[in-house]
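Hi,

Here is the model I promised to pass on. My notes follow below it.

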Amino acid sequence: MADDELKRQFGSIVSRAKEALSEVREAVVRTSQIGKLKIDVALLRREQEKAFARLGARVFEMVEDGELSPPEQLEPLLQAVRHLARQIEEEEAELAEVEGT
C-alpha cells in the first residue's frame, strides 16, 4: 500500500511540475510576442516619422518655390524652419572658416 501511495504522490508531483512548466512556457511565449510587437510598433512609428519629415520637407520646398500657398496657421512653423536654415548656414560658414585655418 505504501508503494502505491508513494507512486500516486510522485505522479501528482510530476503532474504539477508539468503544469507549472507549461504555464512558464506560455508566459515566455507571451512575453516574447509582446516584445516583438512592441519592437514592430516602434519601427513603424520611426518609419512614420521619416515619412512625415519627407512630407514636411517637400511641402516646405513647394512653399518656398511658390508652388503651394500655405494656410496662415503654418506660418510660425515655416518661420521656424527658415530660421533654423539660416542658423545652419551660419554655423557651416563658421565651421568652414575654422577648418580653413
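A residue is buried under 20% relative accessible area, exposed over 50% and partly exposed in between (1.4 Å probe, protein chains only). By that yardstick K36 is exposed at 51%, while D40 is partly exposed at 28%. Just 3% of the 101 residues count as buried.

Some housekeeping: this is a predicted model, where local features need pLDDT of at least 70, side-chain atom pairs need 80 or more, and totals for chains, interfaces and linings use all residues. Numbering runs from 1 along each chain as its sequence is written, and side-chain values use heavy atoms, with hydrogens and water left out.

The chain has 2 helices and 0 strands (DSSP runs numbered from the N terminus; H or I of at least four residues for helices, E of at least two for strands). The C-alpha trace spans about 95 × 45 × 15 Å along its principal axes.

On to salt bridges (a Lys or Arg side-chain nitrogen within 4 Å of an Asp or Glu carboxyl oxygen): the count is 7. One of them pairs D40 with K36 at 2.7 Å, N to O; these two sit 4 residues apart in helix α1, so about one helical turn separates them. Another joins R82 and E64, with the closest N and O atoms 2.6 Å apart. That pair links distant parts of the chain, R82 being in helix α2 and E64 in helix α1, 18 residues apart. R58, E61 and E67 form one network through salt bridges that share partners. Within it, E67 and R58 have their closest N and O atoms 3.8 Å apart.

Cheers
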